[in-house]
Amino acid sequence: MCTFDAPIARCEAMQQMVLLDETRKECAFEHGCPPGQVCPLAGCFARRSGLYETHPEIGAHGQPRTHATLH
């Protein structure tokens with residue numbers, strides 16, 4: 001059995017369910033929000049994502065970092 005307890009909400013602008021345990025910038029990239037898009041959930045996102053601090057092998061936008069950038 002798997003439990004998923006991350007906070008989620010429906011984004012009416014993109015008409016998708018989004019995770020709120022990431023930053024607004026991460027969410028916008030993940031869901032393809034155009035630049036300048038007014039975010040109806042702007043105050044609901046995490047202020048700081050722990051993803052990159054916890055997993056240094058992950059670079060910007062979830063892409064794996066190359067060996068050279070890890071050092």
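## Exercises on a small predicted model

The side chains of Arg10 and Glu12 join in a salt bridge, with 3.1 Å from N to O. Before you start, note that this is a predicted model, in which local features need pLDDT of at least 70, side-chain atom pairs count only at pLDDT 80 or more, and totals for chains, interfaces and linings use all residues. Residues are numbered from 1 along each chain as its sequence is written, and side-chain values use heavy atoms, with hydrogens and water left out.

**Exercise 1.** Find how many salt bridges the whole structure holds, and state how exposed the partners Glu12 and Arg10 are.

*Solution.* Begin with the criterion: a salt bridge is a side-chain nitrogen of Lys or Arg within 4 Å of a carboxyl oxygen of Asp or Glu. Searching the whole structure with it gives 1 salt bridge. Next, check accessibility, where buried means under 20% relative accessible area, exposed over 50%, and partly exposed in between (1.4 Å probe, protein chains only). Glu12 has 49% and is partly exposed; Arg10, at 39%, is partly exposed too. As background, side chains of opposite charge can pair when their charged atoms come close.

**Exercise 2.** Lay out the order of helices and strands, then say which element has the highest mean pLDDT and which the lowest.

*Solution.* Helices (H or I, at least four residues) and strands (E, at least two) are DSSP runs, numbered from the N terminus. The protein chain has 2 helices and 2 strands, in the order β-β-α-α. Now bring in pLDDT, the predictor's confidence in each residue, from 0 to 100. Strand β1 (residues 8-11) has the highest mean among the elements, 94, and helix α2 (residues 51-54) the lowest, 56. For the protein chain the mean is 78, with 65% of residues at 70 or more.

**Exercise 3.** List the members of the largest nonpolar core, then trace the contacts of Cys11 and Phe45.

*Solution.* A nonpolar core is a set of buried Ala, Val, Leu, Ile, Met, Phe, Trp, Tyr and Cys residues joined through side-chain atoms within 4.5 Å. The largest one has 7 residues: Ala9, Cys11, Val18, Leu20, Cys27, Leu41 and Phe45. Take Cys11, which sits in strand β1 and is buried at 5% relative accessibility. Contact means heavy atoms within 4.5 Å. Leaving aside neighbours within four places in sequence, Cys11 is in contact with Gln16, Val18, Pro40 and Leu41. With that same exclusion, the contacts of Phe45 include Val18, Leu20, Thr23 and Cys27.

**Exercise 4.** Work out which residues of helix α1 are buried and how they are arranged around its axis.

*Solution.* Helix α1 covers residues 24-31, and its buried residues are Glu26, Cys27 and His31. Seen down the axis, they fall within an arc of 115 degrees (taken from the directions from the helix axis to the C-beta atoms), so they line one face of the helix. After the helix comes Gly32, with a positive phi near 75 degrees.

**Exercise 5.** Two loop residues remain: is Thr23 buried or exposed, and is Gln15 buried or exposed?

*Solution.* Thr23 lies in the loop between β2 (16-19) and α1 and is buried, at 15% relative accessible area. Beyond four places in sequence, Thr23 is in contact with Phe45, Ala46, Arg47, Arg48 and Ser49. Gln15, in the loop between β1 and β2, is exposed at 56%. Its phi is positive, about 55 degrees, although Gln15 is not a glycine. Most residues other than glycine have a negative phi.
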